[in-house]
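Morning, everyone, and thanks for coming. I have one structure to walk you through today, so please take a look at the screen.

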Amino acid sequence: MNDVQALRQCLGKFATGVTVVTCADANGNPNGITANSFSAVSLEPPLVLWNIAKVSNSLDAYLSAKYFAVNVLTADQRNLAAHFAKSDHTRFDNVEYTTSANGVPLLPDTLATFNCRTHEIHDCGDHYVIIGEVNSFKSAEREPLLFFGSAYRAIAK
Ligand SMILES: Cc1cc2nc3c(=O)[nH]c(=O)nc-3n(C[C@H](O)[C@H](O)[C@H](O)COP(=O)(O)O)c2cc1C
């Protein structure tokens, strides 16, 4: 195992939730990418962040998007997590969604949704850190989807 693989494995010891970050690309087409790098940053002003790999095929869409949404997945939305982690550009074929007033695709029945305006983008190593100002948000009483040690998990009762 090389250093990068060892670091990735060690980082995988940090259990996270799972989100699909969505935006519209420059042509208005819906885009979505599974991301577990989501984190809270600030309450006043309300800021959140996530990181996108520079190698992502979706990079241009997120770097130019004025708005994006963080869709926090429920335990029974594992199929959406797997779907939006695939590298193809027909991601919203056969996926149910609505569109926000700002043109951002929104997944239904999420655990939480944060509608964001892109606030700052930082060039950091092999990723960009995208910070969003939360314009609106909602949540529901459901169980979260978790990611730990390269596998999807659910909270044990
Ligand atoms: C659980 C999970 C979390 C992920 N988190 C991120 C992330 O935070 N940032 C990122 O750029 N990619 C992340 N990925 C990888 C992307 O989902 C995936 O590489 C991408 O969708 C591939 O397609 P693209 O190159 O067309 O964007 C994650 C994948 C999984 C399965």
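Let's start with Cys 10, which counts as exposed because its relative accessibility is 54%. This is a predicted model, by the way, so please hear everything that follows in that light. How many disulfides does the structure hold? The count is 0. Cys 10 takes part in none, and the nearest cysteine sulfur to it, on Cys 124, is 20 Å away. For Cys 124 itself, the nearest cysteine sulfur belongs to Cys 116, at 18 Å, and again there is no disulfide. Is Cys 124 buried, exposed or partly exposed? With a relative accessible area of 39%, Cys 124 is partly exposed.

Staying with the start of the chain, have a look at helix α1, which runs over residues 3–11. This helix is hardly covered: of its 9 residues, the number that are buried is 0. At its start there is a nice detail, where a side-chain oxygen of Asn 2 comes to within 3.0 Å of the backbone nitrogen of Val 4.

Val 4 also gives us a way to get to the next stop, Gly 17. These two residues are 13 apart along the chain, and their C-alpha atoms are separated by 23 Å. Gly 17 sits in strand β1, residues 16–17. A relative accessible area of 35% makes Gly 17 partly exposed. Setting aside residues up to four places away in sequence, Gly 17 touches Asn 36, Leu 145 and Leu 146.

Now for the interior. The largest nonpolar core has 21 residues, and those touching the most other members are Val 21, Trp 50, Ile 52, Tyr 62, Phe 68 and Phe 114. Which elements give two or more residues to this core? They are the strands β2 (19–24), β3 (30–35), β5 (47–53), β6 (67–72), β9 (112–124) and β10 (127–139), together with helix α2 (59–64). Apart from this core lies another, of 10 residues, including Val 18, Leu 80, Phe 84 and Leu 145.

Let me pick out Ile 52 for a moment. Not counting residues up to four places away in sequence, Ile 52 touches Ile 33, Ser 58, Leu 59, Tyr 62, Asp 126, His 127, Tyr 128 and Ile 130.

A polar residue deserves a stop too: Asn 71, in strand β6. Is Asn 71 buried or exposed? It counts as buried, because its relative accessibility is 0% and the cut-off for buried is under 20%. What does its side chain pair with? One partner is the side chain of Thr 22, through a polar contact of 3.1 Å. Another is the backbone nitrogen of Leu 107, which lies 3.0 Å from a polar side-chain atom of Asn 71. Beyond its neighbours within four places in sequence, Asn 71 is in contact with Val 18, Thr 19, Val 20, Thr 22, Pro 105, Leu 106, Leu 107, Thr 110, Ala 112 and Thr 113.

On to the ligand. It is surrounded by 18 residues, the closest being Thr 34, Ser 37, Asn 51, Ser 56 and Arg 91. Ser 37 places a polar side-chain atom 2.6 Å from a ligand oxygen. The backbone joins in as well: a polar backbone atom of Ala 53 is 2.8 Å from an oxygen atom of the ligand. For Phe 84, a polar backbone atom is 3.2 Å from a ligand oxygen. How much of the ligand does the protein bury? Taken alone the ligand exposes 630 Å², and the protein buries 80% of that.

Before I finish, a few backbone details in the loops. A cis peptide bond joins Glu 44 and Pro 45, with omega at about 0°. Pro 45 is in the loop between β4 (39–42) and β5.

Then we have positive phi values in residues other than glycine. Asp 109 has a phi near 60°, and its place is in the loop between β8 (105–106) and β9. For Ser 150, phi is near 70°. Ser 150 belongs to the loop between β11 (145–148) and β12 (151–154). Ser 150 counts as exposed, because its relative accessibility is 66%.

That's my tour. Thanks for listening, and I'm happy to go back to any part of it.

Methods: Residues numbered from 1 in each chain as written. Heavy atoms only, no water. Core = buried A, V, L, I, M, F, W, Y, C linked by side-chain atoms within 4.5 Å. Buried < 20%, exposed > 50% of the residue type's maximum accessible area, 1.4 Å probe, protein only. Helix = DSSP H or I, 4+ residues; strand = E, 2+ residues; numbered from the N terminus. Contact = heavy atoms within 4.5 Å. Near = heavy atom within 4 Å. Polar contact = N/O pair within 3.5 Å; in protein donor to acceptor, adjacent residues only side chain to side chain. Areas by Shrake-Rupley, 256 points an atom, 1.4 Å probe, with all protein chains shown as cover. Disulfide = S-S within 2.5 Å.
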